[in-house]
Protein chains: 2
Amino acid sequence: MTGIKFLAQQLNVSIGTVSRALNGKPDVSEDTRQRVIAAAAAMGYAPNQAGRSLRRGNTNAVGFMIELGSDTGRNNDNFFLGVFDGVQATLARHHLDLIVLPCPTDEDPTQYVQRMIARRLVDAMIISATHRKDTRIDVLRDARIPFITLGRSATPGTHPWIDLDFDGVARRAVDRLVAAGHRRIAVAVPSNDINLGFIFLDGYRNALAANGLSFEPELVFRVPSSEQGGYQLGHDLCAMANRPSAVVLNYELLALGLYRRLDESGLTPGIDLAVIGFREGPVSRFLSPTLTCFRLSLRDLGIALGEALLASIPAYADVYPQGIVRRIWPMELVPGESDRA
Amino acid sequence: MTGIKFLAQQLNVSIGTVSRALNGKPDVSEDTRQRVIAAAAAMGYAPNQAGRSLRRGNTNAVGFMIELGSDTGRNNDNFFLGVFDGVQATLARHHLDLIVLPCPTDEDPTQYVQRMIARRLVDAMIISATHRKDTRIDVLRDARIPFITLGRSATPGTHPWIDLDFDGVARRAVDRLVAAGHRRIAVAVPSNDINLGFIFLDGYRNALAANGLSFEPELVFRVPSSEQGGYQLGHDLCAMANRPSAVVLNYELLALGLYRRLDESGLTPGIDLAVIGFREGPVSRFLSPTLTCFRLSLRDLGIALGEALLASIPAYADVYPQGIVRRIWPMELVPGESDRA
DNA sequence: CTGAAAGCGCTTACAG
DNA sequence: CTGAAAGCGCTTACAG
């Protein structure tokens, strides 16, 4: 005798009436509805999700999968928390909850996704850090679960995605450096097969070409997306006979390790080496010199992700009639002191 | 016709037999068990969690609540991701899943907890960033849900907790600075009523007293736990007529803003002002000068959190016979260059 | 406007 | 060793 049964007994009505009153169904007298709502609030009643899910066939929850093991997961600074906030703002409008699903380090991400959707823990999913070939997409597509990816992938599908403008950032960074007179411009990209690395590198190559500069493989540095990776980048740069005069980073925290390594060699960012970082974060503003980078609103990105996901779910398609969203998220240049050289 | 029913029909057995086979019940012939397991794997069957939860009365999931809105939440995802990993390592041994529950910015945390447990989304909870008075604890206690807090609180209860050694860190930092000759030592604590601030400040006061130094209120700086807060701290320090020679931080990222602000005034950490940070992270190692701080293994902390939580759940108490854990988590000093002054 | 009843997908005593 | 059946807590056609 718990839950709705107990509540119904207290009020001397049937459980059906309680359910209808609480779910805002029209065919309940206003008086009864008020009594039920008051009693529910008083005893802190909320419907058991298992019972509701089983009956309705949905969970009213959206899952956001993150990976704990990878570089990209572990070093994301404040990226995800900001995005979660925005996603939730969208979901809250529809009384949906966001549940974050952290894939264990030692579990295969694809298997994890499979397990979560087979258990019907969530109605829809958001996956991030897409790889060039990403089998999670295959699993989600085959399961016919609504999903959106934060990041493009070469794995085909008709799913929606939103991705940061890696291409545009790389191009504008190169253009800006060329305009300032730089001719030997290095680039740092991830050492794993996360898709954004390929896009960033393409943007870099295209920008070089557009500026009449030749692409030199020795100026491409593949380093882990972490402060340590930045340190390694600095180390490699310092060891070069013919050091480039500028470097474009694909991840903002690389700057921290890079700055440190340059300092150890008596070099100053912005004077001895122009640096353009990636995403603006608290770190970029408080480094000395401040980091030239690109701004975006994580919350707005999260809001858009949530909306694009809902747009792909038939039940919400009329509220968000945008169809299948595939969108490059713009980022705005924030000039700093690090590329004055 | 889905799920277990479909599977049973394919195999020409009853759904009861399928369930028993998959759940490792003894009274199933080995031959049948193998056939069922093979078929389940082939069609990617996993029991619908709603059906299972409803019947069993549990969810096999543990919730870890984080707050997106607060300073403490927003600036800590490197902290949490490491802890999640450890918690999951413990839970995985028992086929329990970790589900992260991010409380929306605009929802009251206590109400959020109430809603999550009333819905029976998880069997047990971990809450973090405990406040001095924390009504979430009251709600969880009243609901008789097993839970553990990452952080102590003045709110009473018989629940387990694990907390970082804020007291010990503050004392050792002061002792170390005094040993190096410092007499005017400032401290930075959070500007909100998160409990760790009170503990840290107490440790600082006690250490001053133990070293025969008097406590001066003007040397206590209440700043937000963020890079910006560190910048503000630097600003306040630079404005003082009689500047302290050292400062102890309660949050590692304060160092970043502090370094920047000192730099703007032509001051160098470790020369003009000794700085001892809090938790060792990638940032502390790559700052110039490197930050003297304190080390802990986030994964081990997470493992211990998971174990202590399970120890408080009757069904697991025999595996983890440690009773109600209330434990101060030790942190190890990592000398850096920032307190050489 | 309200109640009685079916049924969502499971697990588990209970028969046989 | 296996099947038939009850029942977990809900929601929702269906009667009245």
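This report walks through a predicted model of two protein chains and two DNA strands, from the DNA contacts to the chain interface and a few local details.

Because the model is predicted, local features need pLDDT of at least 70 and side-chain atom pairs count only at pLDDT 80 or more, while totals for chains, interfaces and linings use all residues. Residues are numbered from 1 along each chain as its sequence is written, chains are lettered from A and ligands numbered from 1 in the order in which they are written, and side-chain values use heavy atoms, with hydrogens and water left out.

## The DNA strands

Let us start with DNA strand C. A residue is near a molecule or strand if one of its heavy atoms lies within 4 Å of it. By that rule 29 residues surround DNA strand C, and the closest are A:Thr17, A:Asp27, B:Ile4, B:Ser19 and B:Arg55. Sugar or phosphate accounts for 60% of the atoms of DNA strand C within 4 Å of the protein, and bases for the rest. For DNA strand D, 28 residues are found, with A:Ile4, A:Ser19, A:Arg55, B:Asp27 and B:Thr32 coming nearest. Here 59% of the strand atoms within 4 Å of the protein belong to sugar or phosphate, and the rest to bases.

The table gives some individual distances, in which polar atoms are N or O; a polar contact is a pair of N or O atoms within 3.5 Å, and within protein one must be able to donate a hydrogen and the other to accept it, with residues adjacent in sequence counting only if both atoms are side-chain atoms.

| Protein residue and part | DNA atom | Distance |
|---|---|---|
| A:Arg55, backbone | base oxygen, strand C | 3.1 Å |
| B:Asn48, backbone | phosphate oxygen, strand C | 3.2 Å |
| B:Arg55, side chain | base oxygen, strand C | 2.2 Å |
| A:Ser19, side chain | phosphate oxygen, strand D | 2.6 Å |
| A:Arg52, side chain | phosphate oxygen, strand D | 2.8 Å |
| B:Ser29, backbone | phosphate oxygen, strand D | 3.1 Å |

Which element gives the largest share of the surface near DNA strand C? That is H4(B), with five residues. Helices (H or I, at least four residues) and strands (E, at least two) are DSSP runs, numbered from the N terminus. On the surface near DNA strand D, the largest share, again five residues, comes from H4(A). Helix H1 (3–11), H2 and H4 of chain A, together with H2 and H4 of chain B, each supply at least two residues there.

Residue classes complete the picture: Ala, Val, Leu, Ile, Met, Phe, Trp, Tyr, Cys and Pro count as nonpolar, Asp, Glu, Lys and Arg as charged, and the others, Gly among them, as polar. The surface near DNA strand C has eight nonpolar, 12 polar and nine charged residues, and the one near DNA strand D has eight nonpolar, 12 polar and eight charged.

## Where the chains meet

Chain B brings 56 residues to the contact and chain A brings 58 (heavy atoms within 4.5 Å). About 4600 Å² is buried between them, with carbon and sulfur atoms giving 56%; buried area is the accessible area (1.4 Å probe) that two parts lose on being put together, summed over both. In chain B, the residues losing the most area to chain A are B:Arg119, B:Arg260 and B:Phe286, together 16% of what that side buries.

Six salt bridges are counted between the chains (a side-chain nitrogen of Lys or Arg within 4 Å of a carboxyl oxygen of Asp or Glu). One of them joins B:Asp97 and A:Arg119 at 2.3 Å, N to O. There are also 17 residue pairs in polar contact across the interface, both at pLDDT 80 or more. The side of chain B that touches chain A has 26 nonpolar, 18 polar and 12 charged residues.

## Within the chains

Over all chains the structure holds 38 salt bridges. In one of these, A:Arg299 meets A:Asp85 at 3.2 Å, N to O. That pair links helix H14 (residues 298–311) with helix H6 (residues 79–92) of chain A, 214 residues apart.

Two backbone details deserve a look. Most residues other than glycine have a negative phi, and most peptide bonds are trans. The bond from A:Ser288 to A:Pro289 is cis, with omega near -5°, and A:Pro289 lies in the loop between helix H13 (282–286) and strand S10 (292–295) of chain A. B:Arg120 has a positive phi of about 60° and sits in the loop between H7 and strand S3 (124–128) of chain B.
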